[in-house]
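Open your viewer and keep the selection box handy. This tour goes stop by stop, with something to select at each one.

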Amino acid sequence: MTTGTTTGETVRVLLADDQQMVRTGFRYILDAEDGISVVGEAGDGLEAVRLAERLRPDVVLMDIRMPGIDGLEATRRLAGPGLADPLRVVVVTTFDLDEYVHAALTGGAVGFLLKDAGPALLIEAVRAAARGDAMVSPQITVRLLRHYSAARAPRRGHSGSGLTARELDTVRTVARGLTNTEAAAELHVTVSTVKTHLARVQEKLGARNRVEVAAWAYQSGLMD
């Protein structure tokens, strides 16, 4: 599986959006940031898949509504369940619709941003994805995770799935959208400890990323 970049390495990004102006704007923002480089652009879903498979970028920023195949199908082809070496895809869209969020996350996306989120969040989402973390626009985090979990299974009281008390505390911070640094500060532990807890949680839950961990928290009733 793809491993994230390490300190000092440049994060390679592929832009996939059918609007040239959007791609130009994103390129301007990202190329101006130290440690991030846009390595390709695609104007439709099929081109996005071809370029991503050829270039193997660290992060793909994927629009939803595109010609050829839409961004949701392109995301499934690049990051979906069962792939031996999935890419890290962050869906960036104008459309704040629950069904899009659900389809993107079940299709393997590690992030979901609205295009009006602003440059700072865009950069943060790219860096988070490159590290193997996930990020969702704060204004829709709780709503989308509740929808995502409800769509997967009926709500039930949480069993913990063998998680320790400290691991459950870590899950709660993830479900609230906190970064590893923010979680470490709240739990009064090191960032390394948070990463260790999260890795164990993902192994115990069979979750591929922190979005699925957060979804489990809402689905199981942990966040009630």
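A residue counts as buried when its relative accessible area is under 20%, as exposed when over 50%, and as partly exposed in between, with a 1.4 Å probe and protein chains only as cover. The model is a predicted one, in which local features need pLDDT of at least 70 and side-chain atom pairs count only at pLDDT 80 or more, while totals for chains, interfaces and linings use all residues. Numbering starts from 1 along each chain as its sequence is written, and side-chain values use heavy atoms, leaving out hydrogens and water.

**Stop 1: the whole protein**

Begin with everything shown as a cartoon. You will see 10 helices and six strands; helices (H or I, at least four residues) and strands (E, at least two) are DSSP runs, numbered from the N terminus. Of the 224 residues in the protein, 51% are buried. Turn on a surface next: about 10200 Å² is exposed, and carbon and sulfur atoms supply 52% of it. That area comes from the Shrake-Rupley method with a 1.4 Å probe; for residues, only the protein chains shown count as cover.

Contact here means heavy atoms within 4.5 Å. Among contacts between residues at least 6 apart in sequence, 66% join residues at least 24 apart.

**Stop 2: the nonpolar cores**

A nonpolar core is a set of buried Ala, Val, Leu, Ile, Met, Phe, Trp, Tyr and Cys residues joined through side-chain atoms within 4.5 Å. Select Val-13, Leu-30, Val-59, Leu-61, Met-62, Val-90 and Phe-112: in the largest core, of 54 residues, these touch the most other members. Helix α5 (residues 119–131) gives this core its largest share, eight residues.

Now centre on Leu-30. Which residues is Leu-30 in contact with, leaving aside neighbours within four places in sequence? They are Val-13, Leu-15, Ile-36, Val-38, Leu-61, Leu-122, Ile-123 and Val-126. Apart from this core lies another, of 16 residues, including Val-171, Ala-175, Val-213 and Tyr-218.

**Stop 3: helix α10**

Select residues 210–220, which form helix α10; 11 of its 11 residues are buried. Among them are Val-211, Glu-212, Ala-215, Gln-219 and Ser-220. Just after α10 comes Gly-221, with a positive phi near 90°.

Zoom in on Ala-214, which lies in α10. Why does Ala-214 count as buried? Because its relative accessibility is 3%. Draw a distance from its C-alpha atom to that of Arg-176: the two are 38 residues apart along the chain and separated by 7.8 Å.

**Stop 4: α7 against α10**

Add helix α7 (residues 165–175). The axes of α7 and α10 come within 8 Å and cross at roughly 105°, so α7 is roughly perpendicular to α10. Axes are lines fitted to C-alpha atoms, for helices over the stretch in contact, and angles run from 0 to 180 degrees between N-to-C directions. Angles under 35 degrees count as roughly parallel, over 145 as roughly antiparallel, 65 to 115 as roughly perpendicular and the rest as oblique.

To see the contact, show Leu-168, Val-171, Val-174 and Ala-175 of α7 with Arg-210, Val-213, Ala-214, Trp-216, Ala-217 and Tyr-218 of α10. By class, the contact has nine nonpolar, no polar and one charged residues. In this scheme Ala, Val, Leu, Ile, Met, Phe, Trp, Tyr, Cys and Pro count as nonpolar, Asp, Glu, Lys and Arg as charged, and the others, Gly among them, as polar.

Stay on α7 and pick Thr-173, which has its place there. With 1% relative accessibility, Thr-173 counts as buried. Not counting residues up to four places away in sequence, Thr-173 touches Leu-178, Ala-183, Glu-186 and Leu-187. Its C-alpha atom is separated by 8.7 Å from that of Ala-214, 41 residues apart along the chain.

**Stop 5: α7 against α9**

Swap α10 for helix α9 (residues 191–205), whose axis comes within 9 Å of that of α7 and crosses it at roughly 95°. The two helices are therefore roughly perpendicular to each other. Here α7 brings Arg-166, Glu-167, Thr-170, Val-171 and Val-174, and α9 brings Val-194, His-197, Leu-198, Arg-200, Val-201 and Lys-204. These residues divide into five nonpolar, two polar and four charged.

**Stop 6: two positive phi values**

Most residues other than glycine have a negative phi. Select Arg-56, where phi is positive, about 50°. Arg-56 lies in the loop between α2 (45–55) and β3 (59–62), and counts as partly exposed at 32% relative accessibility.

Finish at His-188, with a positive phi near 60°. His-188 is in the loop between α8 (180–187) and α9. Is His-188 buried or exposed? His-188 is exposed, with a relative accessible area of 71%.
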